[in-house]
Structures are given as structure tokens and as C-alpha cells.
Amino acid sequence: MRAYILRVLGISLFTALCHFFLPDGRVRRFAAPVMGLAVTAAILVPAAALFQKDIGADSLLPAVESVLESDTYVRSVEAEYKKRIEAEIMARGDVQATVVLGDGFSVERILLEGNVSGAVMHYITAELEVGRSRVEIR
């Protein structure tokens with residue numbers, strides 16, 4: 001039991017340090033769900049062994065890999081990423097936003113509806129690193 005607790009604490013500390021040292025932006029936004037999956041796996045793999053003797057990391061790794069490679073997982077992470085950007089834009093200026101993502105979670109285009117403030121444009125151009133030419137205001 002002690003080894004289990006130390007393993008979970010170690011992985012949690014490692015992911016917290018990774019999150020702390022990752023630069024703001026796309027890398028951090030993509031790495032956060034992956035690090036959460038690592039902590040979840042560290043908790044569940046040994047817990048599952050309590051109920052079934054045959055379950056181990058070697059038998060669960062193919063299942064985890066298939067989830068990570070599946071389009072469903074990628075689409076859910078992409079949808080969450082778009083929601084976060086749209087919510088942040090709404091919070092900064094009460095502007096409706098529609099985000100269009102490209103390959104690698106890059107923001108291809110942002111469609112804005114309403115009165116766009118300087119704070120919103122600063123967030124889009126500086127923090128999201130989206131060029132002004134890819135922002136459409138309606």
C-alpha cells in the first residue's frame with residue numbers, strides 16, 4: 001500500500017511540475033489532459049488489481065493507447081479546447097466567438113459577433129498568437 005501511495009504522489013508531483021514549467025499556450029492546453037490521464041492511470045491500474053489478479057499495466061496499456069489514438073478522444077479534447085477559448089473571449093468582452101481549429105490544435109480562424117474590445121483583441125493576438133487577418137468581426 002505504501003508503494004501505491006508513493007507512486008500516485010510521485011506521478012502527481014511530476015505532472016504538477018510539468019504543468020508549472022510548461023509554457024503558456026498550445027502545449028500546456030494539450031498536455032493537461034494527457035497528464036490527467038497519467039494520474040488517473042496511476043490510481044486505477046493498481047486499484048483494478050485489487051479486484052482482479054490478471055490486470056496489470058501491460059494489459060491496460062493497449063487500451064489506453066487506443067483511447068489516445070482514437071478520433072473520439074481527439075475530438076473531445078478539441079471540443080473542450082474550443083469551449084475554453086470561446087468562454088475566455090466571452091469573459092473578456094461579452095463577445096460571442098466561434099473558433100475554427102486546424103491541425104495540431106492551431107487556431108485557424110475566429111469569428112466574433114458583437115462589440116469587440118481591445119482586451120479581447122489583445123487576448124486573441126498576444127495570448128492565442130492568432131494573426132489579425134484570421135479574425136473576422138461580424
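How many bridges join strand S2 to S3, and in which direction do the two run? Three bridges link S2 (residues 107-113) with S3, and the strands run parallel. Here, helices (H or I, at least four residues) and strands (E, at least two) are DSSP runs, numbered from the N terminus, and two strands pair if DSSP finds at least two bridges between them.

A word on the ground rules: this is a predicted model, in which local features need pLDDT of at least 70 and side-chain atom pairs count only at pLDDT 80 or more, while totals for chains, interfaces and linings use all residues. Residues are numbered from 1 along each chain as its sequence is written, and side-chain values use heavy atoms, with hydrogens and water left out.

**The sheet and its helix**

Let's stay with the sheet. It is open, with three strands in the order S1-S2-S3 and mixed pairing. Strand S1 (96-101) and strand S3 (135-137) are the edge strands, each with a single partner, so one side of each lacks a neighbour in the sheet. On average, neighbouring strands are turned by 15° against each other, direction ignored; axes are lines fitted to C-alpha atoms, for helices over the stretch in contact, and angles run from 0 to 180 degrees between N-to-C directions. Within the sheet, Leu112 stands opposite Ile137 in S3. Helix H5 (residues 118-127) packs on the sheet and touches S2 and S3, where contact means heavy atoms within 4.5 Å. The direction of H5 makes about 170° with that of S2.

**Residues worth a click**

Two residues have a positive phi although neither is a glycine: Asp94, at about 50°, and Glu129, at about 60°. The table places them beside two helix residues. Its labels follow relative accessible area: buried is under 20%, exposed over 50%, and partly exposed in between (1.4 Å probe, protein chains only).

| Residue | Place | Relative accessible area |
|---|---|---|
| Leu13 | helix H1 (residues 2-21) | 53%, exposed |
| Glu88 | helix H4 (residues 71-93) | 28%, partly exposed |
| Asp94 | loop between H4 and S1 | 63%, exposed |
| Glu129 | loop between H5 and S3 | 52%, exposed |

Glu88 also makes a handy distance check: Glu88 and Val120 are 32 residues apart in sequence and 8.9 Å apart in space, C-alpha to C-alpha.
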